[in-house]
Structure formats: structure tokens, C-alpha cells
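Trainee: Could we go through this model together and check each label against its definition?

Mentor: Sure, let's put it on the screen.

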Amino acid sequence: MWHTKGHGALVERLESAVLNKTISHAYIFYGSRHVGKMTCALDVARGLNCTHESEFACGECIQCSRIHNRLHADIRVISPRKSENKTSIGINDVRDILHVSHMKPYEGTYRVTIIDDADSMTLEASNALLKTLEEPADQNVFFLITSNEDALIPTIRSRCQSIYFSILDESTIRDYLTEYHSESDQQIELLTSLCAGKLGWAVDAINDTTLMEDRDKALELFWDLFHKELDRGFEISEYLSNEYYNNAQYVVDTLGYWNDLFRDLLILKKATSDLIHNIDVEDRLLDIVDSCYEYDLTDNIRFVLDAREQLQNNVIPRLCLDNLILKIKQKTI
Ligand SMILES: [Zn+2]
């Protein structure tokens with residue numbers, strides 16, 4: 001039983017590798033955040049350890065249940081940690097796991113190591129992992145999860161099978177949210193539209209109200225960028241750069257929401273409103289769309305994407321955000 005939604009072809013391929021015992025020792029799952037890569041890796045971990053050999057991950061045996069509840073000693077998930085203003089996976093985070101990866105599993109038939117945001121491994125951690133991947137031990141499977149496959153060192157990429165996760169179609173998302181959640185039809189429609197193919201985001205938004213609050217705040221800042229003077233723009237820059245030191249992801253997400261709003265404006269300029277994501281603020285977007293030039297919107301999308309990349313490459317946040325606000329303001333006067 002798969003918990004992964006959609007992704008029919010790759011699910012079929014992995015299920016067949018598990019049932020025929022032809023699983024590789026290392027995979028890279030890459031694609032946008034929130035499209036089901038972690039869920040899929042955990043599904044395969046259950047499939048590999050399930051005691052019902054003819055069935056894929058029965059969901060009822062002790063192995064399936066312990067993995068589902070994150071209690072299984074052989075299934076480890078490594079995630080980046082924040083230290084000294086940098087979020088990364090260092091050598092100390094992988095050392096213990098690599099050490100045991102040459103031993104037999106403790107309680108299951110396969111030891112599965114999942115490295116989330118694997119592109120944030122330091123070079124030292126990457127090289128340590130590489131050594132393990134070069135001498136694969138039996139009954140050990142690695143999953144490296146990333147939204148940026150190119151940031152992994154080439155020698156690691158060459159040792160793994162890469163599997164791409166695309167975004168999901170709207171009907172898969174709508175059907176899942178309707179079946180498993182009790183939100184109103186209107187709310188489900190909004191989440192389906194806003195998540196833009198990333199089911200995990202929609203589910204997170206239901207379970208954690210701060211996500212929608214953060215989006216509301218990003219919208220408020222966006223309208224201010226359009227309607228207020230440059231001074232307010234610099235206040236926004238100061239606010240975001242201070243936030244960056246506490247919660248970098250919040251700022252990266254805010255720029256993501258802005259990018260999506262510029263995208264919607266561009267769509268309203270060129271096509272019908274059926275394709276926009278921010279359907280709850282369509283009227284407000286329509287109010288400003290006539291004052292925007294198509295090429296300015298395209299430029300603004302590029303500026304926001306550049307700024308996100310610079311932040312992730314550790315450019316000084318205030319410098320990067322001041323520069324972004326100036327560029328956007330020049331295009332929105
Ligand atoms: Zn089972």
C-alpha cells in the first residue's frame with residue numbers, strides 16, 4: 001500500500017524493484033519541494049522490510065507499522081541542521097550512520113538511510129558518503145532527496161540512480177484533499193490552486209495555520225511594494241533581512257509568494273484568469289494589472305528568482321533585499 005499520491009510510472013518501477021529484489025543501493029529523488037519525495041522513500045523503506053513478501057508494504061505488519069511511526073531502528077532520516085547562520089549537513093551528522101551502514105540491519109531486512117535536502121551536505125560529508133556509496137554493503141539502501149540535483153557532487157550523482165518527481169496534476173490534489181480532509185469546497189479549491197502541484201504544501205497548510213498566515217503577510221508586503229513609496233520598500237527589506245537570521249525559509253518562501261504573484265499578473269496580462277494560482281486575490285491583481293508592462297513583470301520574476309538564489313548562496317541578506325526592492329520599485333512606479 002503506497003502513501004505516495006500520483007507519480008504512477010515511478011511508483012510502478014520502484015514497486016517492481018522491491019518485489020523482484022532488484023532495488024539499487026542508492027537513489028537520488030529530485031524535483032520541487034512538497035511533491036512526495038520523502039513519502040515515497042518511506043514507502044519504499046516499508047516495502048523493503050514488510051514481512052508480507054508477495055505484497056508491497058501491507059501497512060499492517062510490525063515492520064510497516066514501526067516504519068510508519070518512525071520507530072524502526074534501521075530507517076534513519078538525516079536533515080540539515082543550523083549552526084553559525086548556515087544550514088547544512090556536516091560530517092558529524094553522517095558519520096554514525098555511515099559507520100553502521102556496513103553492518104547488518106538490527107530489526108528489519110534492509111537498512112534505509114534517507115538524506116533530506118542532500119544538496120546541503122558539506123563537501124566533507126559528501127566525500128564521506130561517497131566512500132560508502134563506492135563500497136555498497138548488502139541490505140543497505142540510500143535515498144538522497146533534493147530540489148537541486150546539480151548541487152550534489154558529480155561523483156555522488158554517478159553512483160546513484162536519479163528519479164525525477166514532477167508536480168502533481170490538480171485533480172489528484174483536489175481528490176486527495178476532498179477524501180482525507182474536512183475543509184470547505186472553497187478552501188480546497190484555494191489550496192489546490194495555491195499549492196501549484198505540490199500536495200505536501202497543501203497538506204502542511206491545513207495542519208499548520210502559520211503557513212497561510214505567512215502567505216497573508218507576504219501578500220500584504222507585496223501590495224505595499226506596489227502602492228507605497230520607496231521608504232516603505234526599504235522598511236520591508238529591513239524587516240525581511242532581520243527575519244532571515246531567525247528563519248531563512250520564511251524569507252525564501254515570501255519571495256516565492258511574490259514570484260507567484262508576478263507570475264499571475266503576467267498570466268492575467270496574456271491569458272485568461274483560469275490559470276492563476278492566487279484565485280482569492282484575483283480582484284486585487286486585476287486592479288493593478290493594467291499598470292504593469294509585460295516585460296517589467298518578466299524582469300521582476302527574474303529579479304526575485306535571482307535574489308532567492310543569492311540568499312541561498314549566503315549573500316548578505318540586507319544587501320540582496322535592498323537591491324531587489326530597488327529593482328522592483330523601478331518597475332512598478
Ligand atoms: Zn507490512
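Mentor: Start with the sheet: five strands make an open sheet in the order S2-S5-S6-S1-S7, with parallel pairing. Keep in mind that this is a predicted model, where local features need pLDDT of at least 70, side-chain atom pairs count only at pLDDT 80 or more, and totals for chains, interfaces and linings use all residues. Residues are numbered from 1 along each chain as its sequence is written.

Trainee: What makes S2 and S7 edge strands?

Mentor: Strand S2 (75-78) and strand S7 (161-165) each have a single partner strand, so one side of each is left without a neighbour in the sheet. From one strand to the next, the twist averages 20 degrees.

Trainee: How do you know that S5 and S6 pair?

Mentor: Pairing takes at least two bridges found by DSSP. Strand S5 (residues 111-115) and strand S6 (residues 140-146) are joined by five bridges and run parallel, so they count as paired. Across that pair, isoleucine 114 sits opposite phenylalanine 143 in S6.

Trainee: On to the helices. Why are H10 and H11 called roughly antiparallel?

Mentor: Helix H10 (residues 210-227) and helix H11 (residues 230-246) pack at about 150 degrees, their axes 8 Å apart. Angles under 35 degrees count as roughly parallel, over 145 as roughly antiparallel, 65 to 115 as roughly perpendicular and the rest as oblique. The angle of about 150 degrees is over 145, so H10 and H11 are roughly antiparallel.

Trainee: Which residues make that contact?

Mentor: Leu221, Asp224 and Leu225 of H10, with Arg232, Gly233 and Ile236 of H11. Contact here means C-beta atoms, placed from the backbone, within 7 Å.

Trainee: And what makes H7 oblique to H8?

Mentor: H7 and H8 pack at about 140 degrees, with axes 10 Å apart. That value falls in none of the named ranges, so H7 is oblique to H8. In this packing, Glu170, Ile173, Arg174, Leu177 and Thr178 of H7 meet Ile188, Leu191, Thr192 and Cys195 of H8.

Trainee: Which residues of H8 are buried, and what does that word take?

Mentor: Ile188, Leu191, Thr192, Leu194 and Cys195, in helix H8 (residues 185-195). Buried takes 20 or more other C-beta atoms within 10 Å of the residue's own (12 or fewer is exposed, in between is partly exposed). Their cover includes helix H7 (170-180) and helix H9 (199-207). Just after H8, alanine 196 has a positive phi of about 50 degrees.

Technical notes
Helices (H or I, at least four residues) and strands (E, at least two) are DSSP runs, numbered from the N terminus. Two residues are in contact if their C-beta atoms, placed from the backbone, lie within 7 Å. Axes are lines fitted to C-alpha atoms, for helices over the stretch in contact, and angles run from 0 to 180 degrees between N-to-C directions.
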